[in-house]
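Colleague: I would like to take a close look at a single part of this model, and I would be glad of an answer that a first-year student can follow.

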Amino acid sequence: MAEPHKSLVTVDTLILGAGAAGLMCAMQAAQRGKSTLVLDHAKQAGKKILISGGGRCNFTNLHTSPENFLSENPHFCKSALSRYTQWDFLELVNKHGIPWHEKTLGQLFCDDSAKDIVQMLLRECKSAGAKVQLRTEILSVDYDHGYRVRTSEGDFEAKSLVIATGGLSMPKLGATPLGYQIAEQFGHRIVPVRAGLVPFTLHDHDKAAYEELPGVATEVIAENQRTAFKEAMLFTHRGLSGPAMLQISSYWFPGESLEVNLLPHLDVSDLLKTARQETPKATVASCLAKHLPKRLVQALQTQSETRGVPWQHKALGDISNVEIEKISKYLHSWSVKPNGTEGYRTAEVTLGGVDVNQVSSKTMESQLQPGLYFIGEVLDVTGWLGGYNFQWAWSSGWVAGQSV
Ligand code: FDA
């Protein structure tokens with residue numbers, strides 16, 4: 001019996017992944033006159049954009065610079081970030097009349113909806129002539145003087161193949177390891193991957209100690225030997241979250257402890273000594289509760305017993321300078337040893353990925369395989385929380401779009 005007829009479509013540029021990086025690359029390539037097609041297995045383009053920033057998409061950060069990114073080669077991101085900047089993306093957003101605002105720390109969000117960003121990208125793709133084909137499973141990729149991609153919807157041929165399939169975070173949204181598999185097929189090294197920008201889980205004994213605290217948040221400095229972040233920390237049912245913890249999770253390895261300054265704006269020693277003079281009958285807890293959430297003070301007070309810094313029910317007038325120094329040290333460098341993280345299920349990003357030392361920082365083209373490009377999160381470039389990861393997707397997608 002003859003094989004059923006399979007369609008074959010030939011384009012200049014084939015992009016796998018209709019996410020942030022893939023769509024940016026597609027509109028640029030098409031604007032340069034390249035026939036361009038984006039394939040994705042999802043039912044919808046830009047799914048992560050749609051749910052990002054609580055539905056408002058933190059689409060860039062005004063302070064984006066190479067220091068906001070992790071990679072085995074921290075220099076790699078410099079060229080792309082300087083050629084397509086946060087200001088360039090903002091110009092595009094403004095051109096489409098999308099209302100936006102700065103939240104904190106240079107983070108730019110849509111006023112209305114993340115849908116505005118996806119619609120903008122799709123509109124740009126359409127007007128440049130780039131096509132986006134969804135619900136298409138990628139079955140195999142081969143190279144013979146050009147790329148042939150076999151899919152559930154027929155075969156595709158192209159001179160340039162761009163891998164924009166993102167990382168492993170949030171498999172529910174369609175994340176798969178396809179990009180890493182294709183990279184390995186063509187001889188690329190993969191920097192070991194792990195979940196980043198992810199909440200911590202706690203050991204059972206810590207979970208029990210802080211079981212009354214889910215929902216409690218406070219401004220802290222979270223620190224380890226590599227870095228420090230001054231932002232909010234949030235207690236959850238499983239452990240610790242909030243921007244400070246998400247940020248430092250990208251710099252954390254299993255088995256390590258974190259130091260948390262619970263009162264970064266105050267000198268606890270000065271505070272207690274002054275209060276001891278002014279209100280000697282007040283308790284330590286009541287004094288601290290003016291500066292920290294009350295429920296947190298209660299939990300810390302209980303914990304202080306086991307950590308050798310007891311201040312249970314003590315009046316300020318009854319504590320010595322030595323005890324004050326101990327309490328101060330305890331609160332300024334509260335130590336916590338996470339059990340692990342919540343993993344890819346809730347992580348915002350994937351650390352590691354395609355080794356950037358085998359990719360051109362000017363074009364995102366593979367140095368091992370002509371015509372093969374990697375952009376966005378699939379590469380070993382990971383931004384901080386705050387719009388940096390989308391900026392990397394825009395910048396890397398843009399430079400590849402100039403080169404394919
Ligand atoms: P992205 O993941 O966007 O796109 C990859 C595409 O490839 C997807 O459309 C997927 O369906 C497709 N694909 C994957 N495997 C495939 C396969 N086997 N076959 C076919 N198609 C396949 N960043 C930021 O800067 N600001 C923010 O506000 C947020 N918020 C945020 C919230 C949440 C909940 C998450 C999970 C992440 C964020 N991020 C973020 C991170 C940001 O979403 C992420 O870094 C970028 O979307 C990465 O863009 P990419 O285009 O590389 O991948």
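In which helix is the place of K329? Once that is settled, please go on to helix α5 and what surrounds it.

Modeller: This is a predicted model, and in it K329 has its place in helix α12, which covers residues 321-332. With 13 other C-beta atoms within 10 Å, K329 counts as partly exposed, because that class lies between 12 or fewer for exposed and 20 or more for buried. From K329 to P192 there are 137 residues in sequence, and in space their C-alpha atoms are 37 Å apart.

Turning to α5, helix α1 (residues 20-31) packs with helix α5 (residues 115-128) at an angle of about 25°, and their axes are 8 Å apart. Angles under 35 degrees count as roughly parallel, so α1 is roughly parallel to α5. The crossing of these two helices, α1 and α5, is left-handed. On the α1 side, L23, M24, A26, M27, A30 and Q31 take part, and they meet L121, E124, C125 and A128 of α5. Sorted by class, this contact of α1 with α5 has 8 nonpolar residues, 1 polar and 1 charged.

Within α5, the buried residues are D116, I117, V118, M120, L121, E124 and C125, and these pack not just against α1 but also against α2 (47-55), β3 (58-61), α4 (86-95), β6 (107-110) and β7 (131-133). The length of α5 can be checked too, because at 1.5 Å a residue its 14 residues should span 20 Å, and its end C-alpha atoms are indeed 20 Å apart. After α5 comes G129, whose phi is positive, near 95°.

Key. Residues are numbered from 1 along each chain as its sequence is written. This is a predicted model: local features need pLDDT of at least 70, side-chain atom pairs count only at pLDDT 80 or more; totals for chains, interfaces and linings use all residues. Axes are lines fitted to C-alpha atoms, for helices over the stretch in contact, and angles run from 0 to 180 degrees between N-to-C directions. Helices (H or I, at least four residues) and strands (E, at least two) are DSSP runs, numbered from the N terminus. Angles under 35 degrees count as roughly parallel, over 145 as roughly antiparallel, 65 to 115 as roughly perpendicular and the rest as oblique. A crossing is left-handed if the near helix is turned anticlockwise from the far one by less than a right angle, and right-handed if clockwise. Two residues are in contact if their C-beta atoms, placed from the backbone, lie within 7 Å. Ala, Val, Leu, Ile, Met, Phe, Trp, Tyr, Cys and Pro count as nonpolar, Asp, Glu, Lys and Arg as charged, and the others, Gly among them, as polar. The expected span of a helix is 1.5 Å times one less than its number of residues.
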